[in-house]
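Student: I'd like a close look at one part of this fold, the sheet and whatever packs on it. Could you take me through it piece by piece?

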Amino acid sequence: MFDFLFGEKIFETSDSQKKFEVGCKLKENHIDYKIKIDDISKRNTFDSMKMGNVVKPKFVYSFWVRKEHVVIASCLVKGM
């Protein structure tokens with residue numbers, strides 16, 4: 001099982017297409033990775049009072065790889 005404690009973050013994006021491309025690039029090169037998803041949508045008590053305004057969730061995708069693959073994965077991602 002992959003654990004965040006034994007890896008490093010190499011890339012972060014909010015674009016789902018870019019997330020897909022980076023995931024494919026890492027899979028092609030047989031690099032195990034984990035994606036951590038954070039919801040950065042602003043939600044507070046006053047959001048529900050806005051008439052007709054729906055708050056869409058916005059996500060940030062963070063790619064984590066094992067320490068032994070950090071250099072290779074970073075080079076692959078920066079080349080995109």
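Student: Let's start with helix H1: which strands does it lie across?

Tutor: Quick housekeeping before the tour. This is a predicted model, where local features need pLDDT of at least 70 and side-chain atom pairs count only at pLDDT 80 or more, while totals for chains, interfaces and linings use all residues. Residues are numbered from 1 along each chain as its sequence is written, and side-chain values use heavy atoms, with hydrogens and water left out.

Now your helix. H1 (residues 16-28) lies across E1, E2 and E3, and it runs at about 15° to E3. (Helices, H or I with at least four residues, and strands, E with at least two, are DSSP runs numbered from the N terminus; axes are lines fitted to C-alpha atoms, for helices over the stretch in contact, and angles run from 0 to 180 degrees between N-to-C directions.)

What is H1 lying on? The three strands make an open, antiparallel sheet in the order E1-E3-E2. At its edges sit E1 (7-13) and E2 (33-39), each pairing on one side only. (Two strands pair if DSSP finds at least two bridges between them.) On average, neighbouring strands are turned by 30° against each other, direction ignored. E1 and E3 pair over six bridges, again in the antiparallel sense.

Zoom in on E3 next. Val65 lies in this strand, with Glu8 standing opposite Val65. Val65 and Gly7 are 58 residues apart in sequence, yet their C-alpha atoms are 5.2 Å apart in space. Val65 has a relative accessible area of 0%, so it counts as buried. (Buried means under 20% relative accessible area, exposed over 50%, and partly exposed in between, using a 1.4 Å probe and protein chains only.)

Also in E3 (residues 59-66) is Ser62, which is buried too, at 2%. Leaving out residues up to four places away in sequence, Ser62 touches Lys9, Phe11, Glu12, Lys34, Ile35 and Lys36; contact here means heavy atoms within 4.5 Å. With Glu12, the Ser62 side chain makes a polar contact of 3.1 Å. (That term is a pair of N or O atoms within 3.5 Å; within protein, one must be able to donate a hydrogen and the other to accept it, and residues adjacent in sequence count only if both atoms are side-chain atoms.)

Glu12 has another partner: its side chain meets that of Lys9 in a salt bridge of 3.1 Å, N to O. The cut-off is a side-chain nitrogen of Lys or Arg within 4 Å of a carboxyl oxygen of Asp or Glu, and the count comes to one. Glu12 is partly exposed at 45%, and Lys9 is partly exposed at 44%.

The other helix is H2 (residues 70-78), which lies across E1 and E3 and runs at about 10° to E1. Its buried residues include Val70, Ala73, Ser74 and Val77. They cover an arc of only 100° around the axis, so they are on the same side of H2; the arc is taken from the directions from the helix axis to the C-beta atoms. The buried residues of H2 pack against E1, H1 and E3, while the face turned away carries the exposed Val71 and Cys75.

One last stop: the loop between H1 and E2 holds His30. His30 has a positive phi of about 55° although it is not a glycine, and at 70% relative accessible area it is exposed.
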